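Take a look at the model below before reading on. Keep it open, and find each residue as it is named.

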Amino acid sequence: MNARLATLLDVEEIRQLRVHYSHCLDSGDFEAFDSVFAADARVIVTVGEMRGLDAIKAGLADAYRQFDRDGRGYYPFMHVVANHQIELTGEDIAEGRCYLIDFETASKPDPNPLLLLGLYRDHYRRIDGAWRIVETRLEVLWTGNMRQPQPERTR
């Protein structure tokens, strides 16, 4: 029973970590990424690949400024994650995947708020007693403009 309870607690902590990432990103709280990513983490998303916490903070902050075309001072997206599947693959390591539903809140000619649908593939590690993302890769499955080049799918 204790092992099952520990597994449930680990899975929930990882699930909350992914949600915390979305809230940090959407609110522009890049300093809070210290509690999301490992120092040597790797992030592969639509704006490119970043390695290391400093590069992740800088890269996502730059994307934040780039996409704020209305000058409102906040990220014009809402990153909704769902269907999170997590597998503990070792005592302090795990893998997961979840769906991303990305809504755009900025003004644009097209009133459809859906920007993209994607799949996050993550690797997690427990560091100093807390789970952190060590690698995340966003696989874009659909965008409003499917003529854009799409990242390679990983299996």
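The report below goes through a helix, a core, some salt bridges and a few single residues.

## A predicted model

This is a predicted model, not an experimental one.

## Helix α1

Start with helix α1, which covers residues 2-27. Does its length fit its number of residues? What span should its 26 residues have? At 1.5 Å a residue, α1 should span 38 Å. Its end C-alpha atoms are 37 Å apart, so the two values agree.Part of α1 faces inward. Asp10, Val11, Ile14, Leu17, Arg18, Tyr21, Ser22, Cys24, Leu25 and Asp26 are its buried residues. What do they pack against? Their partners are β1 (37-45), α2 (53-67), β3 (77-88), β4 (93-104), β5 (114-127) and β6 (130-143). The spacing of such residues has a simple background. An α-helix has 3.6 residues a turn, so residues three or four places apart point the same way.

Now look at the start of the helix. Leu8 lies in α1. Is Leu8 buried or exposed? Leu8 is exposed, because its relative accessible area is 59% and the cut-off for exposed is over 50%. Leu8 also has company. Together with Leu5 and Leu9, Leu8 forms a nonpolar patch on the surface. The accessible area of the three adds up to about 320 Å².

Then look just past the other end. Gly28 comes just after α1 and takes a positive phi of about 80°.

## The nonpolar core

In soluble globular proteins, nonpolar side chains tend to be buried together. In this model, the largest nonpolar core has 34 residues. Which of them touch the most other members? They are Tyr21, Phe33, Val36, Phe37, Ile56 and Leu60. The elements α1, β1, α2, β3, β4, β5 and β6 each give two or more residues to this core.

Phe33 is a good residue to click on. Set aside its neighbours within four places in sequence. Phe33 is then in contact with Tyr21, Cys24, Leu25, Leu53, Ile56, Lys57 and Leu60.

## Salt bridges

Side chains of opposite charge can pair when their charged atoms come close. How many salt bridges does the structure hold? The structure holds 15. Three of these pairs are listed here.

| Acidic residue | Basic residue | Closest N and O atoms |
|---|---|---|
| Asp10 | Arg126 | 2.8 Å |
| Glu139 | Arg121 | 3.2 Å |
| Glu135 | Arg137 | 4.0 Å |

Take Asp10 and Arg126, which form a salt bridge. This pair links distant parts of the chain, with Asp10 in helix α1 and Arg126 in strand β5, 116 residues apart. Asp10 counts as buried, because its relative accessibility is 14% and the cut-off for buried is under 20%. Arg126 counts as partly exposed, at 22%.

Next come Glu139 and Arg121, which form another salt bridge. Glu139 sits in strand β6 and Arg121 in strand β5, 18 residues apart. At 5% relative accessibility, Glu139 counts as buried.

Last come Glu135 and Arg137, again a salt bridge. Glu135 counts as buried at 19% relative accessibility. Arg137 counts as partly exposed at 23%. The pair belongs to one network, in which salt bridges that share partners join Arg42, Glu49, Arg51, Glu135 and Arg137.

## Two positive phi angles

Most residues other than glycine have a negative phi, and most peptide bonds are trans. Two residues here call for a second look.

Asn83 has a phi near 55°, a positive value in a residue other than glycine. Where is Asn83 placed? Asn83 is in strand β3. At 55% relative accessibility, Asn83 counts as exposed.

Asp128 has a phi near 50°, also positive in a residue other than glycine. Asp128 is found in the loop between β5 and β6. With a relative accessible area of 80%, Asp128 is exposed.

## A buried proline

Finish with Pro76, in the loop between α2 and β3. Is Pro76 buried or exposed? Pro76 counts as buried, at 1% relative accessibility. Which residues does Pro76 touch? Leaving out residues up to four places away in sequence, Pro76 touches Phe67, Asp68, Phe103, Glu104, Thr105 and Ala106. From Met1, Pro76 is 75 residues away in sequence and 44 Å away in space, C-alpha to C-alpha.

Terms used: Residues numbered from 1 in each chain as written. Predicted model: local features only at pLDDT ≥ 70, side-chain atom pairs only at ≥ 80, totals over all residues. Heavy atoms only, no water. Patch = residues over 30% accessible without salt bridge, like charges linked within 9 Å, V, L, I, M, F, W, Y side chains within 5 Å. Areas by Shrake-Rupley, 256 points an atom, 1.4 Å probe, with all protein chains shown as cover. Salt bridge = Lys/Arg side-chain N within 4 Å of Asp/Glu carboxyl O. Helix = DSSP H or I, 4+ residues; strand = E, 2+ residues; numbered from the N terminus. Buried < 20%, exposed > 50% of the residue type's maximum accessible area, 1.4 Å probe, protein only. Expected span 1.5 Å × (residues − 1). Contact = heavy atoms within 4.5 Å. Core = buried A, V, L, I, M, F, W, Y, C linked by side-chain atoms within 4.5 Å.
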